[in-house]
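Colleague: Please take me through this chain by question and answer. I would like the reasoning kept short and each reply to end on the item asked for.

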Amino acid sequence: MEYAKFDWNNAWKKEIDLWHEASGKSCKEYWNDKKSAAVYSKKHMAHHQARVDKTLKVLPLTPESSILDIGAGPGNLALPMAKIVKSVTTVEPSFGMNEIMKESIKEQDIVNIISVEKTWEEVDVNKDLYPPYDIVMASMSLGMRDIRAAIEKMNQVCKGSVVLFWHAGTPGWEDMPNQLWPQLFGKQYHGGPKSDILFQVLYQMGIYPEIKVFPNHFHEVFPSMEAALAFYIKRFEMIELQHRPVLESYLEKKILKTEQGFVHGFNHTAMKISWKIEREGKGA
């Protein structure tokens, strides 16, 4: 097959399908649970704050900016952005994440966040949104199966910059399933599409983005090894109680016991992929 004719959007779809098959459930399904969303939000703000700060610094935020945050989660970016900009519209499909975000909005007395509780694919731009937006962004939330259609919709509602943050290489949190899946299930784990395919999709769309690379290190802290085991058994739908000895053996080699608790560290490389929108609505 000639390189120029290769369908990179279809390659993304296949990677998404393999990812969901390997994980046992989609991100939306996992984060529907409010308790899991609360744990994520608490740990994220405690141990991932450096990545949040780094993300905010590279966004062109001004007091007059209108922001569309796709896949906003519990609002870890939307909440601090709302204190800087004119308005933030969040798109988040998971019940648990939305409930945590609502509580935080109320606690922090924020009045300029509009929440849309749908997937990006479900969003009706004419009924659910208030375009055009100065910045349309998605941070680590590109779980859309048809990424080309998702990007076309982003371009449609943007009058400034589209900014995407996505994985480059293999994230540290995929090390565990990469090592354990062949032993537990007789097959390799599949972690989903990365930034290389995303760039190729954009290139075929005639979008030539600016790319910046951001290495990160963060960690999860658990009060006990038992809590770590429970977290990962729940996180990966396919792991069951009979797999506990194998998982425990793995975590004993990876988790460090410190004064703060049981620490599981990860390395992660992210890419900021961005482009500007011309008045005609095309990527430039």
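The exchange below covers the overall fold, two helices, a cavity, several buried residues and some unusual backbone angles.

Colleague: What kind of model is this, and how many helices and strands does the chain have?
Modeller: The model is predicted. Its chain has 284 residues, and 51% of them count as buried. As for secondary structure, the count is 11 helices and eight strands.

Colleague: Among contacts with a separation of 6 or more, what percentage is accounted for by residues 24 or more positions apart?
Modeller: One example of a pair 24 residues apart along the chain is I113 and T89, whose C-alpha atoms are separated by 5.6 Å. For the chain, residues 24 or more positions apart make up this share of the contacts with a separation of 6 or more: 75%.

Colleague: Where around the axis of α1 do its buried residues lie, and what arc do they cover?
Modeller: Helix α1 runs over residues 8-23, and its span of 22 Å from first to last C-alpha is close to the 22 Å expected. Its buried residues are W8, N9, A11, W12, I16, W19, A22 and S23. They lie on the same side of α1, because the arc they cover is only 150°.

Colleague: Which residue has a side-chain oxygen that reaches the backbone nitrogen of N9 at the start of α1?
Modeller: N9 is one of the buried residues of α1. Its backbone nitrogen has a side-chain oxygen within 3.1 Å, and that oxygen belongs to D7.

Colleague: What span does α6 reach from its first C-alpha to its last?
Modeller: Helix α6 covers residues 95-107, which is 13 residues. Its buried residues include G96, M97, I100 and I105. The expected span is 18 Å, and the helix comes close to that with 19 Å.

Colleague: Which residue with a positive phi follows α6, and is that residue buried or exposed?
Modeller: The residue is D109, in the loop between α6 and β3. Its phi is near 55° and it is not a glycine. Most residues other than glycine have a negative phi. With a relative accessible area of 64%, above the 50% cut-off, D109 is therefore exposed.

Colleague: Which element gives the largest share of the lining of the largest cavity?
Modeller: The structure holds one cavity of 30 Å³ or more, and the largest cavity has a volume of about 70 Å³. Its lining consists of R51, K54, T55, V58, M140, F165, F214, N216 and A270. Two elements, α4 and β6, give two or more residues to this lining. The largest share, three residues, comes from α4.

Colleague: Where is the cavity-lining residue M140, and what is its phi?
Modeller: M140 is placed in the loop between β4 and α7. It is among the residues in contact with H268. The phi of M140 is positive although the residue is not a glycine, at a value near 55°.

Colleague: With which side chain does the side chain of H268 make a polar contact?
Modeller: H268 is found in strand β8 and counts as buried because its relative accessibility is 3%, under the 20% cut-off. Beyond four places in sequence, its contacts include P171, W173, F214 and N216. The polar contact, at 2.9 Å, is with the side chain of H167.

Colleague: How far apart in space are I151 and L202, C-alpha to C-alpha?
Modeller: I151 is in helix α7 and is buried, with a relative accessible area of 0%. Its contacts beyond four places in sequence are L198, L202, M205, I207 and W275. I151 and L202 are 51 residues apart in sequence, and their C-alpha distance is 8.4 Å.

Colleague: What is the relative accessibility of D69?
Modeller: D69 sits in strand β1. Leaving out residues up to four places away in sequence, D69 touches L77, A78, M81, V88, T89, T90, V91 and M137. D69 counts as buried because its relative accessibility is 2%.

Colleague: Which residues does a cis peptide bond join?
Modeller: Most peptide bonds are trans. Here omega is about 5° at a bond whose residue P132 is found in the loop between β3 and β4. The two residues joined by this cis bond are P131 and P132.

Technical notes:
Residues are numbered from 1 along each chain as its sequence is written. This is a predicted model: local features need pLDDT of at least 70, side-chain atom pairs count only at pLDDT 80 or more; totals for chains, interfaces and linings use all residues. Side-chain values use heavy atoms; hydrogens and water are left out. Helices (H or I, at least four residues) and strands (E, at least two) are DSSP runs, numbered from the N terminus. Buried means under 20% relative accessible area, exposed over 50%, partly exposed in between (1.4 Å probe, protein chains only). A polar contact is a pair of N or O atoms within 3.5 Å; within protein, one must be able to donate a hydrogen and the other to accept it, and residues adjacent in sequence count only if both atoms are side-chain atoms. Contact means heavy atoms within 4.5 Å. The expected span of a helix is 1.5 Å times one less than its number of residues. The arc is that of the directions from the helix axis to the C-beta atoms. On a 1 Å grid over the protein atoms alone, a cavity is a set of points where a 1.4 Å probe fits but cannot get out, and a pocket is an open set with protein on both sides within 12 Å along at least five of seven lines; lining residues have an atom within 4 Å of a point. Grid points are joined across faces, edges and corners, and a volume is the space filled by probe spheres set on the points.
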